[in-house]
Amino acid sequence: MFLTSFLRPFFLLLGLWTLAARAMAQAPAPTAPAAATKRQLTAVRISQPIKLDGVLDEAQWQQARPATDFIQNRPKPGPHEKHPTEVRILYDDTNLYVGAIMHDVSPDSIMRELTARDRFGNTDFFGIFLDTYADKLNGYGFFVTPSGGQMDARYSPAGGEDFNWNAVWDSRTSLQGTDWVAELRIPYSAIRFSTTEVQRWGLQLMRQRQRDNAGFFWNEVKPEVNGFVNQWGELQGVQGVKPPLRLSLTPYVSAYVNHNPLSAEGSRPTTTSFNGGADVKWGINESFTLDATLVPDFGQVQSDNQVLNLSPFEVQFNENRQFFTEGTELFNKGNLFYSRRVGATPMGFYGAGSKLRPGEKLVSNPSETQLINATKVSGRTSHGLGIGVFNALSREMQATARNTDTGEERTLTTQPLANYSIVVLDQSLKNNSYLSLINTNVTRAGSTYDANVTGGLFRFNDKQNMYAFDGSVAYSRRRGTQFGSERAVDDRDGYKYSLGYGKVGGTWTWGLNHGIESDTYNPNDLGILFGNNNISQSFEIGYHKYQPFWKVNNFHIFSQLSHSLLYKPTRYQSTRLYVGANTVFTKSFAQLGFNFNFDPQNHNYFEPRVFPLGLYYVQVPGSSNLVLFLNSDTRKKLSLGVNAGLRYAALDERLDRPRRQNYGFGFYPRYRVSNRLTFRYSLDWSLARNQIGYVNGGLDAGQALDRRLIQALGGDTLSGRGPADVLLGRRDVATVSNVLSMAYTFTNRMSFTLRLRHYTSNVHYQDFARLAPGGVETPAAYARNRDNTYNAFNVDAVYSWWFAPGSQVSVVWKNAGTTFLQAEEATPLYFDNLSHTINTPHNNSLSVKVIYFLDYLSLKRR
């Protein structure tokens, strides 16, 4: 009964897929979807500035012809708006002014939740989009809510919709009877454009009417047409304006009090520090801007979500540092830049303990590399050529060792002085196409290695923007010796390439892709790649129903068949068939969907941790995985997201083992107490039963039980030669992550957020096996308890006040603690882990930071 209920939505969506396929089979052959005719709006020049108060009572507003008759894009594309919108645009020598009136039926129909900057929430909003070079690929977006909240974003093929970008602009809103009014002032210093006497910019206007969950665009945006910026209208009438001198300085001061009860002996548990620095923004010319951060301070960024990593690959963390998230769309081209490499853990951090002399201990070993400065130069010419240059310099990092008998201290270099740089050239082409060249470079001082990667990528669309041919190629080069060693660095030269062709527009879409990453391709000094030595090919197909039918607003189903080989030696790795679908119901706006994949038997060459690859692999039985998800209507005070998944594997008949099974569950409620206060909670639970994997931590010759096994596996503890074969373990892994967050917004300029996270993962080993070449596994007699439990607990509390455009005061409290329990100490009991983690001494940090935006033009006028 439970299984039948669990699978019912799956069969429902399969039935919808069948009905859609039958309907398409009876329909005439599809034609290329045509973009809507481009509308035009004329801006009016004014001689006197507008008073920004959210009231359009100046006579100048009546001189401009309004943009009206917006067209719905969601939930049902095509209908014209019933509640009119009027937008007028004015300009002078320094600013673009936007006045918008959103008519409605009553004040209660205007949703207006207060949120922090760049957070939409449950609210109406108005937005204006500008493509200042009219290349139909790149643009700016500025949004405002009825409560005065602001959001801004950049649009590009590489970054999509990027809300990490922040500009300095101003707006005011007001409620007037049954309408709400937005008045925006966008200084020319916030955008970039050419010196042409007559400007022709791409223009789009948007209104979100949250009560109906409906989004409207002035120039119709058809979801079946590939691209977004290419579906904007045109702004005319702007002439005689010049790009201003864009020069601003944002100095900061910060103060920290840090309490670490686990400080090394002889060190104070409580420390204080005071910092100062500045961000500089300089418009080199009308197209290019230099951004520099001098003596940066990133101590207030949100804590990383630390996890127990049992895989052979590193954990990728989110980037929370604003300098590395804002305006980086050019540098993200080709996925060759992983910004967390800059200021990362020092290369020799984990090996510092092995360099201690007898009688010494580490009293200091910084876990983060300190940056001296970082600089970006980026922009785009009037001919569509985007140029980006990034450079960062990090200081030499040192650990401190102290002799416990004499008190003498010495330093150990853990990271040499290093320079990181990126150069990007990105040429926009007609038909929503582009051609790009990227180079990344890491140069380190002293006798260690340097790294360089050069890559190119392209996308060519046909005139109808219906079919696309794309691809990329990259070459990596590393020269020098391993850090702290005389041994030459490995992976000295390598390459990768990928090619794809497919149909990118219309109701039916499909794509064919092929790629290779050589066994020596390594971009990881400034990029991230989890595994090279790979040949992959895939075919994907999708069907998209954008118009409402039956009881749903839309329907999407997509499928992919992929195949992977090891590049060297060329051997089979895996095959996967994936099917996914989702839909949104018309009345409830609930989203329902599933993801299903079938994986025949595959060979995992990375799990044994034996290099070069190809000799050892873990044979993984075939399995099927189904995940169902449901998201309720987010307009309600209480909304809920939930998902549940099950992976069921075939029996591995080589050994007497139970079959492998994975279970997963996610629960994500959100309760909006008022327009100011919102609570969010997320629970992620997973259980992997009878998982087979490399025993984390490996074997330790210092352990008596391990020494016997090392010898049994072909190793020699006297000579130091490691075992010839690999120890695998059959284990159960249970993981629980709880995150509770609260946001209270005092005004549209002031907010407070609190985030608590507890993560625990427990590993319990059932038995062990010896892995020989060719995937052969035999039982291993091994009695050492290798169970372990990892716990992490974090608190991030942030008060933020934007007291002036671009100027902010922030007060942050951070609390962090982790525990790693092994053998008999490990426990699968969740509340025991929670209690143990909370009662373990934590590191606490309280900081205050003030930044102040100084604009040269404003100071000059004063």
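The exercises below, each with a worked solution, concern a predicted model of a protein chain.

**Exercise 1. Salt bridges across the chain**

Task: Find how many salt bridges a search of the whole structure gives, and work out which parts of the chain Arg-45 and Asp-93 link.

Solution. Begin with the total, for which a search of the whole structure finds 37 salt bridges. One of the pairs to look at is that of Arg-45 and Asp-93, whose side chains meet with a distance of 2.8 Å from N to O; a salt bridge requires the nitrogen to be within 4 Å of the carboxyl oxygen. Next, place the two residues: Arg-45 belongs to strand E2 (residues 44-45), while Asp-93 sits in the loop between strand E4 (85-91) and strand E5 (95-102). The two residues are 48 residues apart, and the pair therefore links distant parts of the chain. Finally, consider the surroundings of Arg-45, which counts as partly exposed because its relative accessibility is 36%.

**Exercise 2. A pair between two strands**

Task: Explain why the salt bridge of Arg-200 and Glu-234 ties together separate parts of the sequence, and decide whether Arg-200 is buried, partly exposed or exposed.

Solution. The side chains of Arg-200 and Glu-234 form a salt bridge with an N to O distance of 3.0 Å. Arg-200 lies in strand E12 (residues 198-209) and Glu-234 in strand E14 (residues 233-239), so this pair ties together parts that are 34 residues apart in sequence. For the second part, buried means under 20% relative accessible area and exposed means over 50%. Arg-200, at 47% relative accessibility, therefore counts as partly exposed, and Glu-234, with a relative accessible area of 23%, is partly exposed.

**Exercise 3. Two partners with their own accessibility**

Task: State which class, buried or partly exposed, applies to Arg-654 and which applies to Asp-652.

Solution. The side chains of Arg-654 and Asp-652 meet in a salt bridge, at 2.9 Å from N to O. Arg-654 has a relative accessibility of 33% and so counts as partly exposed, whereas Asp-652 has a relative accessible area of 10% and is therefore buried.

**Exercise 4. An open sheet**

Task: Describe the order of the strands in the open sheet of three strands, and name its edge strands.

Solution. The order of this open sheet is E18-E21-E22, and the pairing is antiparallel. Strand E18 (360-364) and strand E22 (409-415) each pair on one side only, which makes them the edge strands. From one strand to the next, the twist averages 35°. Looking at one pairing in detail, four bridges join E18 to strand E21 (residues 397-403), and Glu-360 has Asn-403 in E21 as its bridge partner.

**Exercise 5. Two residues in loops**

Task: Determine where Asn-532 lies, and then where Thr-328 lies, and give the contacts of each residue.

Solution. Asn-532 is found in the loop between strand E28 (508-517) and strand E29 (534-545), and at 15% relative accessibility it counts as buried. A polar atom of the Asn-532 side chain lies 3.2 Å from the backbone oxygen of Asp-519. When neighbours within four places in sequence are left aside, Asn-532 is in contact with Glu-517, Ser-518, Asp-519, Thr-520, Tyr-521 and Phe-606.

Thr-328 has its place in the loop between helix H2 (322-325) and E18, and its relative accessible area of 6% means that Thr-328 is buried. Not counting residues up to four places away in sequence, Thr-328 touches Phe-323 and Lys-376.

Technical notes:
Residues numbered from 1 in each chain as written. Predicted model: local features only at pLDDT ≥ 70, side-chain atom pairs only at ≥ 80, totals over all residues. Heavy atoms only, no water. Buried < 20%, exposed > 50% of the residue type's maximum accessible area, 1.4 Å probe, protein only. Pairing = 2+ DSSP bridges. Axes fitted to C-alpha atoms, helices over the stretch in contact; angles between N-to-C directions. Polar contact = N/O pair within 3.5 Å; in protein donor to acceptor, adjacent residues only side chain to side chain. Contact = heavy atoms within 4.5 Å.
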